Amino acid sequence: LDELQETIISILRDHQKLAKYSSDPALMADVYLDIASQLLTSPSLRMSWIENLFTHMLNSGYVQESACVRAYQAYLVLQHLKLSGKWDAKDSTPERFEKIFPSPDVVCELPSAAGLLEADSVAEEIQFNTEFYLSLLEDAVTYFTSSQSYEQAVACYRMLLIVYQERDDFVEMEKCYSSLHSLTKKINVDRVEQDRYFANYYRVAFYGRQFA
C-alpha cells in the first residue's frame with residue numbers, strides 16, 4: 001500500500017512537471033519517460049505513457065527520435081512476450097536492438113514475470129502480441145526512413161525478417177528484401193559521395209535551487 005501511495009504521489013508530481021515544462025520538448029520527453037519507468041508492473045499503462053512520449057516527439061518535429069520510441073515499444077512488447085512464455089523468439093535478442101538504439105536492456109527496465117499485475121492481464125492479451133510487435137517495428141522503419149536514418153531502418157527490417165522467416169511468409173519477406181535493397185543502395189551511394197552525416201548529442205545539466 002505504501003509503495004502504491006508513493007507511486008501515485010510521484011506520478012502526480014510528474015504531471016505538474018509536464019505543465020511546468022510544456023515549452024521545453026526535451027524536458028517534457030524526460031518526464032514522460034520517468035512516468036513510464038514507474039509503471040513496470042502495469043505493462044499496458046506503461047505502454048500508454050510511452051505512446052504519449054511518441055506523440056509528443058512526433059508533434060515536436062523529432063522524427064528520428066519518434067522512430068526510436070517505436071523501437072523502444074517493440075522491445076518492451078518482445079520482452080513481455082518472452083516473460084509471459086507466449087513467444088520464445090530465440091533469435092530476437094537485446095543485442096540486435098542495439099543496432100537501433102543503445103543499451104536496450106538498461107533503458108527498458110523490465111519486471112520479473114511474477115511482478116506483472118493480474119489486473120493488467122486482459123490489456124496484455126489485447127495489446128501484447130506478435131502482431132503488435134510487428135506493427136511497431138514497421139512504424140519505426142517508416143519514421144527512420146523518413147528521417148534518412150537508413151542504417152536503423154535496415155536494423156528494423158532484420159528484426160522483421162526473423163519473424164517472417166519463422167512463419168515462412170514469403171510475401172512479407174519479398175517486401176522486406178526489396179526495401180532492404182533500396183535502403184542499402186542509398187547508404188552505399190551516400191558513402192561513396194561522403195554524404196552520410198550523423199549528429200552528436202551532448203546533454204548539459206544545471207543543478208541548484210535556481211535551476212529546480
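Which residues form one aromatic cluster? That is a good place to start with this predicted model, and the exercises below build on it.

**Exercise 1. Find the members of the aromatic cluster, then describe the ring pair Y72 and F101.**

Solution. Begin with the members: Y72, Y75, F97 and F101 make up one cluster. By the pairing rule, the model has 6 aromatic pairs. Take the rings of Y32 and W49 as a warm-up: their centres are 6.0 Å apart and their planes meet at 40°, so this pair is tilted. In sequence, 17 residues separate the two partners, with Y32 in helix α2 (residues 25-37) and W49 in helix α3. Now turn to Y72 and F101, whose centres are 6.4 Å apart with 75° between the planes, an edge-to-face pair. This pair also links distant parts of the chain: Y72 belongs to helix α4 (residues 63-83), while F101 sits in the loop between α5 (94-97) and α6 (104-107), 29 residues apart. Finally, check accessibility: both Y72 and F101 are buried.

**Exercise 2. Decide whether Y32 and W49 are buried or exposed.**

Solution. The cut-off you need is that buried means under 20% relative accessible area. Y32 has 14% relative accessibility, so Y32 counts as buried. W49 comes to 13%, so W49 counts as buried too.

**Exercise 3. Test the length of helix α3 against its number of residues, then look at its surroundings.**

Solution. Helix α3 covers residues 43-59, which is 17 residues. At 1.5 Å a residue, the expected span is 24 Å. The C-alpha atoms at its ends are 24 Å apart, so the two values agree. Next, pick out the buried residues of α3: P43, S44, R46, M47, W49, I50, L53, F54, H56 and M57. F54 has a further partner, since R70 lies over the face of its ring, 3.6 Å from the ring centre. Just after the helix, G61 takes a positive phi of about 90°.

**Exercise 4. Repeat the length test for helix α10, and say what covers its buried residues.**

Solution. Helix α10 (residues 170-192) has 23 residues, and 33 Å is expected at 1.5 Å a residue. From first C-alpha to last, the helix reaches 32 Å, close to that expectation. Its buried residues are M173, C176, L180, L183, I187 and D190. Their cover includes α8 (130-146) and α9 (150-167). To finish, step just past the end of α10: there Q194 takes a positive phi of about 55°.

Definitions and conventions. Residues numbered from 1 in each chain as written. Predicted model: local features only at pLDDT ≥ 70, side-chain atom pairs only at ≥ 80, totals over all residues. Heavy atoms only, no water. Helix = DSSP H or I, 4+ residues; strand = E, 2+ residues; numbered from the N terminus. Expected span 1.5 Å × (residues − 1). Buried < 20%, exposed > 50% of the residue type's maximum accessible area, 1.4 Å probe, protein only. Contact = heavy atoms within 4.5 Å. Phe/Tyr/Trp six-rings, centres within 6.5 Å; stacked < 30°, edge-to-face > 60°. Lys NZ or Arg CZ within 6 Å of the ring centre and 35° of its normal.
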